Amino acid sequence: EVNGNLSLTIEAYYALLYSGIYKKEDAVLQVAERFILANGGIEKAGMFTKTLLTLTGQYEWPKSLPIPIELILLPLSYPINFYQFSVFGRANLAPIIILADKKYSKKTKKSPDLSNLLINRSIDNNWFRSPEWTPLLSSLNDGVSRLDGSPENQHDLAIERAKKYMLDHIEPDGTLYSYFSSTFLMIYALLSLGYSNHDPVVTKAVDGLKSMKVEINSLPHIQYTTATVWNTALISFSLQFADISQADPMITKANHYLLDHQHHKFGDWVIHNPNVLPGGWGFSNVNTINPDVDDTTSSLRAIARGVSNHSENEIAWKQGINWLFSMQNDDGGWAGFEKNTNNKLLTSLPIEKGEYLLTDPSCADITGRTLEFIGNYTNLTKGHSLVKRGKEWLLKNQEKDGSWYGRWGICYIYGTWAALTGLTAIENSPNDPFIQKGVNWLVKIQNTDGGWGESCNSDIQKKYVPLNASTLTHTSWALDALIAASNKPTIEIEKGITFLLSSLQIQDWTTDYPVGQGMAGGFYSHYHSYRYIFPLLALTHYQKKFGNNKKSSKI
C-alpha cells in the first residue's frame with residue numbers, strides 16, 4: 001500500500017516551494033518529488049488539486065468540460081438540472097464552470113515552476129477519459145439544445161446565472177456558503193470575469209478566508225469552515241444531560257447563542273421542500289442560509305429543557321421541529337442538507353468522489369440521530385408514518401454483518417451507534433433481531449483493551465477497517481450504542497467503561513485521529529471537543545441506566 005497521498009503531497013510540495021523557504025534541491029522536497037513521480041506525477045492528481053494547479057498557472061484546463069456551462073439554465077423539470085446537485089456540489093461547481101469556460105489562470109512573480117512533477121512534459125490536458133459519462137453528456141447537450149435563444153445568448157446568460165448564483169449565496173463574512181473551497185474558487189471566478197483585486201466583494205471574501213485561521217499548539221491552521229454552532233449545541237446538550245442545570249449561566253449563554261443562530265432565511269433547500277418555513281440550524285457561526293438536519297437536531301436537544309417555560313424557546317422549538325420533519329426524504333431517510341437530492345445519474349459524471357460531492361442521499365447516521373431525537377424529545381409514537389418510514393429505511397440499509405455505514409463520521413462504528421440509539425429510542429426491543437445483529441457486530445470488533453477504533457480507510461474501501469488502536473470517541477460511540485441496546489451491563493460494556501475511565505486524560509495520536517469525514521480519501525475532520533463530549537454522554541447514559549445495579553460500580 002502506498003504510504004502517502006499523491007494530491008496532498010503535490011499541494012504540500014507546491015506550498016513549501018512557493019513560500020521561498022524551501023528550494024527544489026532541499027532534501028525534503030527531493031523525497032517528495034520522487035514520491036510524486038513514482039505515483040504518476042501531476043497527471044494522476046485529484047481533480048481539486050489539478051484545479052488549484054491550473055488556476056495558478058501550473059497545469060492546463062481540459063479541452064472540454066464534462067458539464068456544459070449551460071446546465072445552469074436547464075429547468076427544474078429536466079431530468080438533470082443544477083438543483084439536483086447537492087448544495088456542496090453547486091457551491092463549488094458554479095465557480096468552476098465559469099473558470100473552465102474562461103480558461104483562467106493567474107501567476108505571480110513568486111510562482112515556482114512545477115514542470116518537474118509532470119511525467120509527460122507535453123501536457124495532455126484531457127482530464128476526463130471515461131466513456132461512461134458519454135450518454136449523460138449527450139442528454140445534457142440535448143437539453144441545452146432545446147433552450148430558447150441562440151447558442152451565444154445561452155452561453156452569455158449561463159455565465160451571468162452562475163455569477164449571480166455565487167453573489168446571491170455570499171454569507172455576511174464574505175465567504176461563499178462559509179466553505180473555504182467554494183470561496184477560494186469564487187475569488188478566482190470573479191477575477192476571470194473582470195473584477196479587480198480590490199473590489200469589495202473580492203477583498204471581503206479574502207478576509208473571510210483569513211478569518212478561518214486558528215492557532216493549534218502555537219501553529220497556524222486554516223479551517224475548512226467553522227464548527228461553532230455544532231460544537232456549542234453538542235457541548236450544551238451533553239452538560240445538561242449530565243445534570244448541569246439549564247439555569248446555569250454557561251448553559252443559558254450557550255443556548256441564547258443557539259437561538260440567535262437559528263435560520264430565518266430561505267436557502268436552496270426550499271427548491272425541493274417549498275411548503276415549510278425556515279427553522280433549522282447550520283454548522284458554522286456565519287452560516288445563515290444553509291441549515292442541515294444534524295445541526296438542527298443537536299440544537300433542538302440543547303434547548304429542549306427550556307421549551308415549556310420560555311416563549312422564545314417554544315417558538316424556536318416549533319419552527320425547528322416543523323423544518324426537521326419536513327426534510328424527510330421520499331425514501332424514508334434523512335440526508336444532510338436538502339431533500340431528495342440523490343440523482344444517481346450524477347454519480348456517473350467523471351468527477352472524482354462524485355458520490356460525496358454531487359449528491360446528498362439519506363444516510364444511517366443522520367436518519368438514526370433524527371429518530372433518536374424524535375423518540376426521546378417529541379410526542380410522535382412508533383406508529384407514526386414518519387417514524388415507521390425512518391425505521392424501514394434503516395432496516396433496509398443495514399449491512400449484512402449487522403453494521404450501518406455513517407456518512408459524516410468514521411464510519412461504520414459511527415453509523416451503527418446512530419442507528420442503534422435511534423431504533424431503541426423509538427421503542428424497539430433490544431431483543432429484536434436487527435438490534436442484536438448490530439450489537440453482535442460491535443462486540444465482535446471490540447479491541448482487547450476494551451475500547452474501539454476505526455480507520456479512515458473504511459470509507460475508502462467501503463468496508464470496516466480496524467484502526468488497531470482504541471480512540472476515546474469510537475469507544476464512546478460503541479459503548480453508547482451497547483448501553484442503549486442492553487437491559488443490563490454486559491462484560492463488553494464493563495470493559496469499555498474501564499477503558500474510558502482509564503484513558504480520559506490520554507494525549508497521543510489517537511486523540512488527534514480524524515473522526516469526521518466529508519469526502520472519502522480526501523476530506524476528514526478532527527473535532528477537538530469530541531474526546532470530551534462523547535465520553536461524557538456514554539458515561540452518563542451508563543450511570544442513569546445501570547447506576548443502581550450492584551454490578552455497576554465503575555462510576
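In this predicted model, the buried residues of helix H20 are Ile493, Glu494, Gly496, Ile497, Phe499, Leu500 and Ser503. An α-helix has 3.6 residues a turn, so residues three or four places apart point the same way. Helix H20 itself runs over residues 491–503, and its 13 residues reach 18 Å from the first C-alpha to the last, close to the 18 Å expected at 1.5 Å a residue. Its buried residues pack against strand S3 (452–454) and strand S4 (466–471), as well as against helix H19 (472–484) and helix H22 (530–546).

Helices H19 and H22 also take part in the aromatic contacts of the structure, which holds 32 aromatic pairs. One of them is formed by Trp417 and Trp477, which are stacked, with 5.8 Å from centre to centre and 20° between the planes. Because Trp417 lies in helix H16 (residues 412–425) and Trp477 in helix H19, this pair ties together parts that are 60 residues apart in sequence. Trp477 also pairs edge-to-face with Tyr530, at 6.3 Å centre to centre and 75° between the planes; since Tyr530 lies in helix H22, the pair ties together parts that are 53 residues apart in sequence. Trp417 and Trp477 are both buried, and so is Tyr530. These three residues belong to one aromatic cluster that also includes Trp230, Phe283, Tyr414, Tyr527 and Phe534.

Elsewhere, Glu171 sits in the loop between helix H6 (151–168) and helix H7 (180–192). Glu171 is buried yet has no salt bridge, and the nearest side chain of opposite charge, that of Lys265, is 5.7 Å away; because a salt bridge requires the charged atoms to be within 4 Å, Lys265 does not qualify as a partner. The side chain of Glu171 does, however, make a polar contact of 2.6 Å with the side chain of Thr288.

Note on methods
Residues are numbered from 1 along each chain as its sequence is written. This is a predicted model: local features need pLDDT of at least 70, side-chain atom pairs count only at pLDDT 80 or more; totals for chains, interfaces and linings use all residues. Side-chain values use heavy atoms; hydrogens and water are left out. Helices (H or I, at least four residues) and strands (E, at least two) are DSSP runs, numbered from the N terminus. The expected span of a helix is 1.5 Å times one less than its number of residues. Buried means under 20% relative accessible area, exposed over 50%, partly exposed in between (1.4 Å probe, protein chains only). Contact means heavy atoms within 4.5 Å. Lys and Arg count as positive and Asp and Glu as negative; His and the chain ends are not counted. A polar contact is a pair of N or O atoms within 3.5 Å; within protein, one must be able to donate a hydrogen and the other to accept it, and residues adjacent in sequence count only if both atoms are side-chain atoms. Rings of Phe, Tyr and Trp (its six-membered ring) pair if their centres lie within 6.5 Å; planes under 30 degrees apart count as stacked, over 60 as edge-to-face and the rest as tilted.
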